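User: Please take me through this structure with short questions and answers.

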Amino acid sequence: MAVMDKLSAMQTFVQVIEADGFGRAADRMQIPKARVTQRIQALERALGVRLIHRTTRTMQVTQDGRAYYEKCVQLLANIEELEDAMRRKEVSPIGTIRVDAIASIARQIIAPALTGFMREYPGIDVRLGCTDRIVDLLEEGVDCAIRGGELPDSSLVIRKLFEVRMGLYASPSYLATHPALGHPSELRDHVCLGSFSSKTGQSMRWKLTNNDVTIEFLPGAKFEFDDGDAAVSACLAGGGIMIAPQFSVATYIHTRALTQVLPEWSAGVRPVYIVYPSRRHLSARVRCFVDWVIKLMATDQALSAVPGYLPVSPSEYNS
């Protein structure tokens, strides 16, 4: 098997694993499914091992296939970096990266600062997606993502950027038509705008603290959301009381469209992370963006003025 043919077969194998199917890999690569099958079969013959067990309906990566996949990813990343270096005379990397970020952070923090990134790395184009939905980075072709909350264990590299204070909020119209609220125990007499995991469907518990006193409970929420912007919209319309990051509702607090409820009680802090696939060698352009975001969060004066922003120490960036 010629070297170039083997590289094509390796690239195709990686696409099949990451797309979780021959057909989806063919669609990504814009080649016939039969050619994908031929390349994988030729690769298996050249290696003398079975990489994928497949039927007409299912496929399962073998142990050898999983180990080979990890090596292929590393090798192809090295080749990509080498080709990038050979194609350019300047040090600055080139190419396009796909970034996905929490909508409020994308709009209020990342997007306004992108002109600075462009000046520093003119050869890199950024496609910024703004969503609170948890995306599958490999399946959806996302190079890195900015996410909040406690992340499940995964194969992703997770680096903490900062933390934000969480609080309870409601609209004046809601508060005017419901009983006065002086203690979390009285939330049972109110409409709570809860949240749930879009992945598991599980309702999220509320944890409120006041000095050394902590109250944790599952609110009897009449409405639950898996999208922060949707919850804010419902809250603005007088739908009930919600928990939200302080900086994401700061504008509404300033215009008095929302009011903080039980201000002496904290709804905790929410960590914000940048995550990317666990590959030993990132492409130069993705590494530049990750390093730029970390620097932005550590030094940007505008960010330090964001309500509820809590910086982390430099040692935590690798946690």
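The turns below cover ring pairs, a crossover, a core and two helices.

User: What kind of model is this, and how are residues numbered?

Analyst: This is a predicted model, in which local features need pLDDT of at least 70, side-chain atom pairs count only at pLDDT 80 or more, and totals for chains, interfaces and linings use all residues. Side-chain values use heavy atoms, with hydrogens and water left out, and residues are numbered from 1 along each chain as its sequence is written.

User: Which helices does the aromatic pair of Phe13 and Tyr68 link?

Analyst: Rings of Phe, Tyr and Trp (its six-membered ring) pair if their centres lie within 6.5 Å; planes under 30 degrees apart count as stacked, over 60 as edge-to-face and the rest as tilted. The rings of Phe13 and Tyr68 are 5.7 Å apart centre to centre with 45 degrees between the planes, a tilted pair. Helices (H or I, at least four residues) and strands (E, at least two) are DSSP runs, numbered from the N terminus. The two residues are 55 apart along the chain, and the pair links helix 1 (residues 3-19) to helix 4 (residues 63-87).

User: Is Arg66 buried, partly exposed or exposed?

Analyst: Buried means under 20% relative accessible area, exposed over 50%, and partly exposed in between (1.4 Å probe, protein chains only). Arg66 lies in helix 4. Because its relative accessibility is 40%, Arg66 is partly exposed.

User: Which residues form a cluster through ring pairs?

Analyst: Phe289 and Trp292 form a tilted pair, 5.6 Å centre to centre and 40 degrees between the planes. Both lie in helix 9 (residues 284-299), three residues apart, about one turn of the helix. An α-helix has 3.6 residues a turn, so residues three or four places apart point the same way. Ring pairs link these two into a cluster with two others, the full set being Phe117, Tyr121, Phe289 and Trp292.

User: Why does Trp292 count as buried?

Analyst: Phe289 is buried, at 0% relative accessibility. Trp292 counts as buried because its relative accessible area is 9%.

User: What is the handedness of the crossover from strand 3 to strand 4?

Analyst: Two strands pair if DSSP finds at least two bridges between them. Strand 3 (residues 95-101) and strand 4 (residues 124-130) are parallel, with seven bridges. Between them the chain passes through helix 5 (residues 103-120). A crossover is right-handed if, with the strands pointing away from the viewer, the path from the first strand over the helix to the second runs clockwise, and this β-α-β crossover is right-handed.

User: At which residue does helix 5 bend?

Analyst: The bend at a residue is the angle between axes fitted to the seven residues ending there and the seven starting there. In helix 5 this angle is about 40 degrees, and Pro112 follows the bend within four residues. The bend is at Ile110.

User: Which helix gives the most to the largest nonpolar core?

Analyst: A nonpolar core is a set of buried Ala, Val, Leu, Ile, Met, Phe, Trp, Tyr and Cys residues joined through side-chain atoms within 4.5 Å. The largest has 30 residues, and Ile105, Ile146 and Phe289 are among those with the most contacts inside it. Strand 3 and helix 5 are among the elements that each supply at least two residues. The most, nine residues, come from helix 9.

User: What phi does Asp20 take, just after helix 1?

Analyst: Helix 1 has buried residues including Leu7, Phe13 and Ala19. Asp20 comes just after this helix, and its phi is positive, about 60 degrees.
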